[in-house]
Each structure stands twice: as C-alpha cells, then as structure tokens.
Amino acid sequence: MAGAAGPGTGPGAAGGDGDDSLYPIAVLIDELRNEDVQLRLNSIKKLSTIALALGVERTRTELLPFLTDTIYDEDEVLLALAEQLGNFTGLVGGPDFAHCLLPPLESLATVEETVVRDKAVESLRQISQEHTPVALEAHFVPLVKRLASGDWFTSRTSACGLFSVCYPRASNAVKAEIRQHFRSLCSDDTPMVRRAAASKLGEFAKVLELDSVKSEIVPLFTNLASDEQDSVRLLAVEACVSIAQLLSQEDLEALVMPTLRQAAEDKSWRVRYMVADKFSELQKAVGPKITLNDLIPAFQNLLKDCEAEVRAAAAHKVKELCENLPAEGRETIIMNQILPFIKELVSDTNQHVKSALASVIMGLSTILGKENTIEHLLPLFLAQLKDECPEVRLNIISNLDCVNEVIGIRQLSQSLLPAIVELAEDAKWRVRLAIIEYMPLLAGQLGMEFFDEKLNSLCMAWLVDHVYAIREAATNNLMKLVQKFGTEWAQNTIVPKVLVMANDPNYLHRMTTLFCINVLSEACGQEITTKQMLPIVLKMAGDQVANVRFNVAKSLQKIGPILDTDALQEEVKPVLQKLGQDEDMDVKYFAQEAISAVAQRLRKLDCSAKASEEPSARGADKNHFLRPRGPGEDTGKAHRERAARAVSEEAVEAARLQTRPSKGPAHQLHGNTRDTLAQLEIAELVHFSQSGD
C-alpha cells in the first residue's frame, strides 16, 4: 500500500523486538501493505485479532493512526474496514476511548464510493451511542459539523445521517447549531446533498421538539417537496409520513396537506409513484377524516394516471386502502368511489397493472360481503381469469379461497367453473398448458370433493391431448395432485383411469400410461405400484410397437428401486431378459440398461439381507461350521453361486464397457458391436440363471 507507515514507526514493528509470539500478528500487519488486494482484504477482516494481540494502548496509538493515514485503498477493502471499526469499541479500551475510532471513520465517510460512506455512517451511528453526553459534545458533534461543512459533497451527504443520533443528548445551545447545519444542507447547491437531507428529514423530525417541527421541519419539507429535482421531491413524500404522525389534525390540514396534494399531482411520474407506493402509510398517518376529504380523490387520480407504473403501484394498495377505511360507511365509499375505477383497470392495456390488481382484488370480497361480491366482483374475476396474461390468471386462482369463504364453493363453481373449463379446452395449446400448471393450486383451493366432481375429467382428458407438451404437463400434474390429496385418493380415483389407457389403440396414449406410472409410483409407494401398476407394465412388454416396448424397459428401470426382491426376481427379470433379445436395437439397448440397474438393486438387497441375518444365525449356533450336514444339504452351493455370479458380473461389466455408445441410444451402434452385444446377453443370462436357482 503506497504511503504506508514504515516498519519502524507503524504497527509492523510488532514483531521487531524479538517477541516471537507476535510474529503472526506482524505478518497480518505487513499484509495490510501488500500489493495484493485480496491479502489486504483478508488482513482487514482479521483486524480484531491484530488489535487483541497489540492490546488496547498500542491499538489506539499505533494501529488506528496507521489505518487513518492509509484511507485510499480499493473500495472492497475500505468497506470491510468501515464495518470492522463499528465493533471496535471494546478493543480500544471501552466507551471512554470510543472517540479514538472517529478519525478513521470520518475519513471513510468522505470517500467517493457510496456503499463505503454508508457503512462508515452506520458504524458512526453505532459508536455514537457509546459516547457519554460530555464526550458526544466534545468529539462526536465537532465531527458532524466538520462533515456538514466539508468542501466535498461526499462529506456533507454523510453528515445528514448523523444529526438524529447526536441531537437528543446534546445541550440546547448545541441543538440549535445542529438544526442550523441541517437547514443549510436542505438548501445545499448540490442535488445529491439535498437528496440525502430529504431522505433523513423524517428521521430527524422524530427527535425534535414539536415546536421545532412546526417552525423549522415543515418549511424544510415544503421547500424540498417543491425542489427542481424530482429525485428530491419524491424523498420528501417519504418524509411526509413521519412528519404527519407528529402533528395534530389541524396542523396537518394547514401545514402538510397542501404540499401532499401537490405531490399527488406532480408533473414527474416518479413523485406520483412514490405517493401511490406510500399511500397506506400516509392514510394511517393523516387519519380517517383527511383520508375521506383529500386522499380518496387523490387515489382516484392515481388509479387513472397516465403512467402504467403509477397505476400499478396504486392498484397494489387497493385492498389496504379499503381495509383501513372506517367501518362505518366503508362499503358505500368502496362501491361509489373506488369500484368504478377498479372496473376500468381490469381491462387496462398494461399487463403489470392488471396483474397488480388481480393480486389484491379477491380480498375485497371479505370487505364487501356476499351480495356485492356476486353482483359486482365475480364478473371482474371472470374477466381476469380469461385474461391473456398468465400472471393475471395465476393471481386470481391463487386467491380463490378469499371468495370461497364469502360466497361458498357451489356459487363459486357455478361462476368460475365455465371459465376454467373454457381455458382447459382452449384451441391454443399454450393456454391449456398454463391452466394445467395452476391445477394443483386450484385443487387445493377448491378441495378434493369439488375437484373429483368437476375437474378430474379435465385432468384425465389432458393425458390424451394431441400435443406432447400437454401430455407431459398433465403427467406431472397427476403427481402433484397425489401429493396433495394422498395415496388412498390416487388408488381409488387416478390409478384405475390411468391403467385403462394401456389398452388404448393409439400407441402414444399407451406410452403416456407408462409415463404416468413412472411418476405415480414415487408418490403411491411400493404396495400400489406392485399390485396395480407393475402387472400392466409387464403386460405391455409384448406390445407390437417398439417405442412402447423400450419405454417398458425404461419404466421397469424407473420403478425398480420401489419394488421388493420377490417382484424383481420373479416378475421383472424374466421380462427384461426377453426384451434383451428383442429384434429392435433400441429395445435391446434400454433393456440392457434396465438389467444392469435391476442387478445392482438385487445385489444391494442381498447384501443388506445377509447383514441382518448373519449375526442372529451365528449367535443361535456358534458351532454352525461343525454341525452335521442335513440330508440333501449342500453347504458349498451358496459359495458356488456367489462365485458364478461374480464371474458373470465381470463379464457383464466388460461387455457393457465395450458396447456403451458414446452418445445416444443403441440405434447409434455400428455392426461391429453385435458380437459384444451377444456376449453381454449371454453373460446376463448366465448371471440370472445362477442367481435364480
């Protein structure tokens, strides 16, 4: 680090006196000067370790001056330093010496990078609480004044965040000076400084006396709210919330509301957006009377603003606005003054506006009641449920439970079901795909009984759609529904309908049966898979279409881990052996893949079974090697079988390595691989015959 203190004068001398215990610390300190940024950063992050080793006195007299003199590093290093110093009070001797940390943080508060300044201000605010009132006026307040009157705007912006933490504990004379400095910053020539002052105006107002708020803060608020820079005016709107909470209704009406009305109609959409975004907070701050007289008309204008961003921000606040209205007369206000504007937004040209409204409009049903919901809100829900924007439809579907609580499932189904069915059968496959994705969510909202009665047939119809993407999405949809409603529901409702498709004349639909079994087996578990699904898969192994047969092999590989040993040995293995000799190369390839997976599964099951049986068997008869052999018993049979299995497995693996294609399935293999494929089949057959004895 250029310009760093020399080894003899800086803390790098820590290890120069022959004290070997401080050598690692000397290395860390030397890294603070290293040309490598990462090394300097690592050392900064270990600053507390260095300070602990040096002790509080040397930290104050050597380390902190060294850090203060070298504040011109990479931003990443300075950010880490600013963060570390905020927790350094205990390492410099406690609150009595907290002022020693101010010089390096003051330097960091003036650098050009914003995030470094913000972190330095955050640390200074933290340290200010550890100062005694005397130390605060002696050390901290002078620092704030220096920053507030600095030549560079960076120091003046940092000062804005420090007034509120030192003001409450200062004497009256000092308080007057602090207020004067803040007033100066609010009218600074640099827009960045005025922005910083506007952002801290509300925070500063909270610690001031009420008279000072009226006489000084309100005029500052008025000036900032009419600043030439819209970035300053919008921050003044945010401060308005804090100021409004401090004033009485009369003072609010006289001092604040004219400025707030002006902001709601500001020429800059960013200012109007801020008013819309903070509307609920403003509503709570000003109270019900001013809300009815001033804020409702302003909100109406925001809902029909020319800028879509403003309309979207206002639409987001519709529900909160209605909830915060006084209970007496709420329904009338909403129906007469809010709902007409909401109806216009339903058909807005901007999808973000419609989406924002859809996310909150359902909540109005609990406020307006059953009759108003049926008469006025349901038509709006239907219109949005048919909207071309998927996000609008999703927001309506995901909030159906709000309406369900008010008007009941029957009324809801009569109104919304036709729209859902219309979407489910839409000519555009992307629309059908969108409603499929929402179906699990819709099922959770409407319940199992309603789903079985009204929507189950739709889900099954999608499985035979002519578009593959729809069939695939419908398959995944079934798995999500089983996870929501449970395996018993699946066994009684879904699985039988899926298995019937195995006899469909269209081979694509027969393949869909296999795809469904692949996903349902995971959700349904071993019993249902073994008893209901496995027989259908095995039967389809004789299908006349090769695509179906190789998908049978893939399905058997997929459900293999779910099945038990008996099913794998007695039912799956023979079918895979037969498919392994199929005339179609693809069927052969995927059958061999499945054979390998099933064999591995059987080995694992066999090992786990032996591990659980051997201790008990040997424990029951410690001399089992010496006992007489029973009639017909061959103690060497199991040994021979294991040896044969090991040989066959080696042959299988060798053949697999030779026949495995570099890319794609078996149809990419060339003629010279036929011999090795034959070896593979023979080896597998040997393996199965030995293990099946």
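**Figure 1. Overview of the predicted protein chain.** Of the contacts in the protein chain with a separation of 6 or more, 69% are between residues 24 or more positions apart. The model shown here and in the views that follow is predicted. The protein chain has 37 helices and zero strands. It consists of 693 residues, and buried residues make up 51% of them. The accessible surface of the protein chain comes to about 32,400 Å². Carbon and sulfur atoms account for 50% of this surface.

**Figure 2. Close-up of helix 2, residues 37–45.** Four names are to be picked out in this view: R40, L41, S43 and I44 are the buried residues of helix 2. Why do they lie on the same side of helix 2? The arc they cover around the axis is only 165°, which puts them on the same side.

**Figure 3. Close-up of the second largest pocket and its lining.** The volume of the second largest pocket is about 260 Å³. Its lining is made up of 15 residues. Nearest the centre of the pocket lie D118, T157, S158, A196 and K200. Three helices each supply at least two residues of the lining: helix 6 (114–128), helix 8 (153–160) and helix 11 (191–199). Helix 6 gives the largest share, with six residues. By residue class, the lining of the second largest pocket holds six charged, five polar and four nonpolar residues.

**Figure 4. Close-up of T157 in helix 8.** T157 is among the lining residues that lie nearest the centre of the second largest pocket. With a relative accessible area of 14%, T157 is below the 20% cut-off and therefore counts as buried. Leaving aside neighbours within four places in sequence, the residues in contact with T157 are R117, M192, V193 and A196. One of these contacts, A196, is also listed with T157 among the residues nearest the centre of the second largest pocket.

**Figure 5. Close-up of L534 in helix 32.** Helix 32 spans residues 526–539. L534 has a relative accessibility of 0% and so counts as buried. Not counting residues up to four places away in sequence, L534 touches T529, L556, I559, L563, A567, E571 and V572. The pair L534 and S521 is also marked: 13 residues separate them in sequence, and their C-alpha atoms are 9.5 Å apart in space.

**Figure 6. Close-up of K573 in helix 34.** Helix 34 runs through residues 565–580. Is K573 buried or exposed? K573 counts as buried, because its relative accessibility is 4% and the cut-off for a buried residue is under 20%. From C-alpha to C-alpha, K573 and L556 are 9.6 Å apart in space, with their positions 17 residues apart in sequence. L556 is also one of the residues that L534 touches.

**Figure 7. Close-up of Q592 in helix 35.** Helix 35 comprises residues 585–620. Q592 has a relative accessible area of 7% and is therefore buried. Q577 is shown with Q592: the two are 15 residues apart along the chain, and a distance of 8.5 Å separates their C-alpha atoms.

Definitions and conventions:
Residues are numbered from 1 along each chain as its sequence is written. This is a predicted model: local features need pLDDT of at least 70, side-chain atom pairs count only at pLDDT 80 or more; totals for chains, interfaces and linings use all residues. Side-chain values use heavy atoms; hydrogens and water are left out. Buried means under 20% relative accessible area, exposed over 50%, partly exposed in between (1.4 Å probe, protein chains only). On a 1 Å grid over the protein atoms alone, a cavity is a set of points where a 1.4 Å probe fits but cannot get out, and a pocket is an open set with protein on both sides within 12 Å along at least five of seven lines; lining residues have an atom within 4 Å of a point. Grid points are joined across faces, edges and corners, and a volume is the space filled by probe spheres set on the points. Ala, Val, Leu, Ile, Met, Phe, Trp, Tyr, Cys and Pro count as nonpolar, Asp, Glu, Lys and Arg as charged, and the others, Gly among them, as polar. The arc is that of the directions from the helix axis to the C-beta atoms. Contact means heavy atoms within 4.5 Å. Accessible areas come from the Shrake-Rupley method with a 1.4 Å probe; for residues, only the protein chains shown count as cover.
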